[in-house]
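Reader: I'm new to this one and I'd like to know what stands behind the labels. Could you take me through it?

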Amino acid sequence: MNGFSSFNQSTATGNSDINGKIWLATHSGFNYIDNNLKIVKNEKFGKYEKVSDNPLTIKYTINDGVKWSDGTPVTADDYVLAWAVYSGYYDDATYDDSGKVTKGSQYFTYAGSTTGLNKSTFPEVSSDNKSFTINYTTPYADWETAFSGPEVPANVVAKKGGLADAKALTNLMKGMSKGDPAKPVATNAQLKKVADFYNKGFDTTTLPSDPSLYLSNGPFVVSAVTENQSVTLKKNPDYTWGNIPKVDTIVMRTIGDTQAQIQALQNGEVDIAAPQASADTLTALDNIQGVQVQKGDQLAFDHVDINQYGTFKDKTLREAFMKTIPRKAILDAIITKMKPDAKVLDSYLFVPAQEGYAKSVENNGSKKFQDVDIAGAKKLLAGRTPTVRIMYSKDNPNRVDAYTLIAKSATEAGFKVVNNGAPANQWSSKLGDGSYDVTIFGWIQPGVGVSGVPQLYGTGQSSNFSKFSNPEADKLMAELVTTTDPAKQEALQVQIDKLIWDSMYGPPLFQSVGVEAFSSRVTGGVNYQPNQYGVWWDVWDWAVK
């Protein structure tokens with residue numbers, strides 16, 4: 001588990017599971033995703049409607065009374081900022097193989113994909129600042145989840161960036177042209193100052209002295225943060241524009257050790273726990289009287305990513321390293337004991353329950369990497385003994401097990417393995433920083449839409465940490481996000497999956513198992529969800545005796 005590190009979960013460095021859960025509890029918006037992976041509209045917050053299919057046009061209206069916890073109304077200006085971030089509209093940067101900007105400018109370091117919204121024009125804002133309209137120049141498959149709640153208040157970002165207010169920021173951006181990497185222009189110093197604050201200004205492991213840095217527009221407000229230990233949430237007394245919380249206070253504790261989490265649950269120190277899943281974890285939980293356990297497959301998978309620059313720019317070396325990865329041994333060490341029928345995951349884009357999985361596996365080339373092939377790796381290395389720095393969370397027992405098995409196997413083939421394991425509260429901020437060659441971690445999908453594909457594998461995207469870049473894949477991904485037919489989406493993803501495997505990206509390992517447990521003191525609202533929010537998805541319904 002990661003420690004809390006940012007009040008802005010949309011940036012490349014702030015995009016962690018814990019930050020996202022705190023964001024969910026402190027923000028509200030036009031919709032949310034339930035535990036059946038259905039989009040639920042929140043008409044107490046506002047409404048949205050499709051005005052036109054050709055061109056795709058969506059109008060959003062925020063209800064009166066919706067506000068930030070300092071009393072400032074939530075307005076269209078907040079969403080204009082969100083649109084600028086999510087669309088990458090002003091970026092005209094060109095990147096080198098390591099992801100560094102070589103010319104032009106990148107403003108907001110968004111963790112998601114800009115594909116889709118990048119094909120929209122500057123929002124039309126109503127005179128009362130309560131409505132905004134998004135016009136797309138091409139269809140967009142995920143338009144309904146493009147906007148929910150704003151990440152952070154535009155008013156705060158504007159002032160911290162040297163502007164008078166949110167309206168001044170909207171006017172600044174309205175006067176700028178769309179960025180074009182083929183024709184970069186001089187960096188806009190004012191927008192760069194604003195973006196620099198947006199990207200880093202909300203990062204913290206303690207409660208800021210400035211309350212404007214942790215404003216809420218949702219059911220809870222953060223009242224305390226103990227570094228690397230806990231975040232305390234208090235019920236937002238003014239909140240009426242969504243599901244009303246049933247408890248007054250929630251303390252989210254970060255307990256890295258799984259057994260310590262289980263002990264805390266048994267001792268009554270915590271009411272709800274989501275420990276690292278393992279057979280030992282399940283056995284220990286089952287032995288606690290009065291504790292209910294929920295288990296299920298997650299829309300998450302562990303994987304090994306090999307940088308496509310630096311030492312491993314050579315595709316032959318990437319293939320050699322992939323041949324050493326003992327995927328079946330890793331599966332047996334981590335998953336098989338609690339899910340005997342589990343198999344290694346052979347797709348980057350599908351999980352086994354999805355219809356496209358079998359078709360993609362048949363096509364993508366994963367069959368070549370079912371078993372360790374030390375002899376084949378040695379042949380590709382041809383006497384070379386490259387150094388490989390492997391980064392992972394050294395506080396996560398599953399990742400430690402995976403690293404140990406990979407390091408042993410890779411060493412046998414001739415790689416010189418360096419342990420670059422990092423603490424739980426640091427490893428995610430190292431992603432993409434060039435301090436390692438290979439990393440072991442997990443991705444979790446929202447379960448709705450296809451924008452996650454270019455987010456992870458599109459050239460230049462902030463979450464594409466290994467710098468995978470394939471023009472054919474980019475073309476297919478651009479088509480994917482403009483395709484609304486599920487069958488065509490599946491066919492495109494099958495093609496993309498093969499291109500990722502062909503690049504020697506590094507293999508997926510296994511689909512994760514999720515475990516949640518809660519004490520008899522909890523009387524409602526704990527419902528398993530397989531996406532990134534897990535048990536937090538309906539935090540407003542949590543109740544205790």
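Author: Sure. One cut-off comes up a lot, so here it is: a residue is buried when its relative accessible area is under 20%, exposed when over 50%, and partly exposed in between. Keep in mind as well that this is a predicted model.

Reader: What makes E17 mostly covered?

Author: Of the 12 residues in E17, 12 are buried. In other words, 12 of 12 fall under 20% relative accessible area, and that earns the strand its label of mostly covered.

Reader: Why is Thr57 counted as buried?

Author: Thr57 has a relative accessibility of 8%. The limit for buried is under 20%, so Thr57 at 8% counts as buried. You'll find Thr57 in strand E4, which covers residues 56-62.

Reader: Which residues is Thr57 in contact with, leaving aside its neighbours within four places in sequence?

Author: Those are Glu49, Lys50, Val51, Ser52, Thr133, Ile134 and Asn135. Contact here means heavy atoms within 4.5 Å. As for Asn243, its C-alpha lies 28 Å from that of Thr57, and the two are 186 residues apart in sequence.

Reader: Why is Arg521 called partly exposed?

Author: Arg521 has a relative accessible area of 39%. Buried needs under 20% and exposed needs over 50%, so 39% lands in between and Arg521 is partly exposed. Arg521 is in the loop between strand E17 (508-519) and strand E18 (522-524).

Reader: What is Arg521 in contact with, again leaving aside neighbours within four places in sequence?

Author: Asp271, Ala543, Val544 and Lys545. Lys119 is 402 residues from Arg521 in sequence, with 49 Å from C-alpha to C-alpha.

Reader: Back to E17. Which sheet has E17 in its order?

Author: An open sheet of 6 strands, ordered E12-E17-E13-E16-E14-E15, with mixed pairing.

Reader: Why do E12 and E15 stand at the edges?

Author: Strand E12 (272-273) and strand E15 (416-419) each have a single partner strand, so one side of each is left without a neighbour in the sheet.

Reader: How do you know that E12 and E17 pair?

Author: Two strands pair if there are at least two bridges between them. E12 and E17 are joined by 2 bridges, so they meet that limit, and they run antiparallel. In one of those positions, Ala273 stands opposite Ala517 in E17.

Reader: And what joins E13 to E17?

Author: Strand E13 (residues 291-306) pairs with E17 in the antiparallel sense over 10 bridges. Asp302 has Phe510 as its bridge partner in E17, while the partner of Gln294 is Glu516. Val293 stands opposite Ala517. E13 also pairs with strand E16 (residues 438-444), antiparallel and over 7 bridges, and there Val304 stands opposite Ile440.

Reader: Which order do the strands have in the open sheet of 3?

Author: The order is E9-E10-E11, with antiparallel pairing. Strand E9 (220-226) and strand E11 (249-253) are the edges: each has a single partner strand, so one side of each lacks a neighbour in the sheet. The twist averages 20° from one strand to the next.

Reader: What makes E10 and E11 a pair?

Author: They share 5 bridges, and a pair needs at least two, so E10 (residues 230-235) and E11 qualify. In one bridge, Leu233 has Ile250 of E11 as its partner. Helix H1 (residues 17-26) packs on this sheet and touches E9, E10 and E11, its direction making about 145° with that of E9.

Reader: Why is H9 called roughly antiparallel to H12?

Author: The axes of helix H9 (residues 327-336) and helix H12 (residues 397-413) cross at roughly 150° and come within 10 Å. Angles over 145 degrees count as roughly antiparallel, so the label fits H9 and H12. The crossing is right-handed.

Reader: Which residues meet where H9 and H12 touch?

Author: From H9 there are Ala329, Ile330, Ala333 and Ile334, and from H12 Asn398, Asp401, Ala402, Leu405 and Ile406. By class, the contact has 7 nonpolar, 1 polar and 1 charged residues.

Conventions:
Residues numbered from 1 in each chain as written. Predicted model: local features only at pLDDT ≥ 70, side-chain atom pairs only at ≥ 80, totals over all residues. Heavy atoms only, no water. Helix = DSSP H or I, 4+ residues; strand = E, 2+ residues; numbered from the N terminus. Axes fitted to C-alpha atoms, helices over the stretch in contact; angles between N-to-C directions. Parallel < 35°, antiparallel > 145°, perpendicular 65-115°, else oblique. Left-handed = near helix turned anticlockwise from the far one by under 90°. Nonpolar A, V, L, I, M, F, W, Y, C, P; charged D, E, K, R; others polar. Buried < 20%, exposed > 50% of the residue type's maximum accessible area, 1.4 Å probe, protein only.
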